[in-house]
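The following exercises practise reading a protein model step by step. Please attempt each task before turning to its solution.

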Amino acid sequence: MRLTTPMEKVQQLQGKLGHAAKTSKSRRFHALYDKVYREEVLWEAWRRVRANKGASDIDGETLADIEKMGEERFVAECQERLRKGKYRPQPVRRQYIPKKDGRMRPLGIPTVKDRVVQMAVKLILEPIFEADFQECSFGFRPKRSAKQALERIRKACNRKGNWVVDVDIQGYFDNINQEKLMKLVEMRVSDRRMLKLIRGWLKAGVMEEGTVRRSDLGTPQGGVISPLLANIYLNYFDMLWEKGMERKSEN
């Protein structure tokens with residue numbers, strides 16, 4: 001069967017990466033960066049970012065501006081910058097949205113270009129780390145939802161489960177230890193250019209009221225790549241939790 005669309009080509013690539021990751025749990029991938037700027041990957045990344053819509057950012061460039069300028073030109077520019085190593089992540093724009101309890105949740109809005117490149121990286125990294133994530137994990141994962149998580153809980157209750165643990169990690173996205181996160185990423189990724197790309201987003205900082213603030217903590221909630229990075233960080237906790245529960249059941 002001949003693959004004709006960027007989506008089909010990307011799905012095939014993801015299938016190969018996922019299979020390789022599942023086959024060897026200790027494998028570290030060293031040739032990933034060149035896949036990020038493949039034409040089909042960038043086109044699929046642009047398609048997804050455009051579908052998600054979203055606000056403008058610190059440079060004021062909108063999705064409509066890019067469509068007016070020409071999508072082909074925009075994708076070609078992204079590809080050229082990545083290939084030549086000239087791509088530089090920009091600070092995210094801080095925006096606040098109200099929570100149900102009346103407090104405000106801070107979001108970081110990346111530039112459109114950063115969103116597209118982050119999406120391209122997510123397309124490459126996600127199938128690799130999906131091979132490691134625990135079955136109990138449902139948040140921000142492909143083909144998984146809150147409804148499925150509730151169904152898992154319902155089945156556990158039917159098996160006479162008699163307790164529930166409710167944990168809320170306050171300001172989780174803003175307090176992730178970046179160095180520990182990178183060490184967890186490096187357990188699967190040895191490609192230096194890919195690691196430099198991720199570090200660039202973590203260190204780019206947040207712009208608020210015209211001032212850029214940088215920190216050694218956090219991955220801005222609102223960035224395309226942030227949910228995947230947050231899951232990589234939280235997966236270690238999931239593994240420790242499951243081991244602890246196994247020991248408890250044995251006793």
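**Exercise 1. A helix and its faces**

Which residues in α5 are buried? Determine also how they are arranged about the helix axis.

*Solution.* The model is a predicted one.

Step 1. A residue counts as buried when its relative accessible area is under 20%. In α5, the buried residues are F74, V75, C78, Q79 and L82.

Step 2. Viewed down the axis of α5, the buried residues fall within an arc of 135°, so they line one face of the helix.

Step 3. The exposed residues E72 and R73 are carried by the face of α5 turned away from its buried side.

Step 4. Among the elements that cover the buried residues of α5 are α2 (33-36), α3 (39-52), α4 (63-69) and α6 (112-130).

**Exercise 2. The span of the helix**

Compare the expected span of helix α5 with the distance between its end C-alpha atoms.

*Solution.* Step 1. Helix α5 comprises 13 residues, 71-83. The expected span is 1.5 Å times one less than the number of residues, and for α5 this gives 18 Å.

Step 2. The end C-alpha atoms of α5 are 18 Å apart, which agrees with the expected value.

Step 3. After α5 comes G85, which has a positive phi, near 70°.

**Exercise 3. Aromatic pairs**

How many aromatic pairs does a search of the whole structure find? Classify the pair of Y33 and Y37 and that of W46 and F74.

*Solution.* Step 1. The search finds three aromatic pairs.

Step 2. Planes over 60 degrees apart count as edge-to-face. The ring centres of Y33 and Y37 lie 5.8 Å apart with the planes at 75°, so this pair is edge-to-face. Y33 is buried at a relative accessible area of 6%, and Y37 is buried at 15%.

Step 3. W46 and F74 form a tilted pair, with 5.4 Å from centre to centre and 55° between the planes. This pair links distant parts of the chain, since W46 belongs to helix α3 and F74 to helix α5, 28 residues apart. W46 and F74 are both buried.

**Exercise 4. An arginine in a loop**

Is R188 buried or exposed? With which side chain does the side chain of R188 make a polar contact?

*Solution.* Step 1. R188 is located in the loop between α9 (178-186) and α10 (192-203).

Step 2. The relative accessibility of R188 is 2%, so R188 counts as buried.

Step 3. The side chain of R188 makes a polar contact with the side chain of D132, at 2.9 Å.

Step 4. Beyond its neighbours within four places in sequence, R188 is in contact with residues including A21, S24, F29, I128 and D132.

Note on methods
Residues are numbered from 1 along each chain as its sequence is written. This is a predicted model: local features need pLDDT of at least 70, side-chain atom pairs count only at pLDDT 80 or more; totals for chains, interfaces and linings use all residues. Side-chain values use heavy atoms; hydrogens and water are left out. Helices (H or I, at least four residues) and strands (E, at least two) are DSSP runs, numbered from the N terminus. Buried means under 20% relative accessible area, exposed over 50%, partly exposed in between (1.4 Å probe, protein chains only). The arc is that of the directions from the helix axis to the C-beta atoms. Contact means heavy atoms within 4.5 Å. A polar contact is a pair of N or O atoms within 3.5 Å; within protein, one must be able to donate a hydrogen and the other to accept it, and residues adjacent in sequence count only if both atoms are side-chain atoms. Rings of Phe, Tyr and Trp (its six-membered ring) pair if their centres lie within 6.5 Å; planes under 30 degrees apart count as stacked, over 60 as edge-to-face and the rest as tilted.
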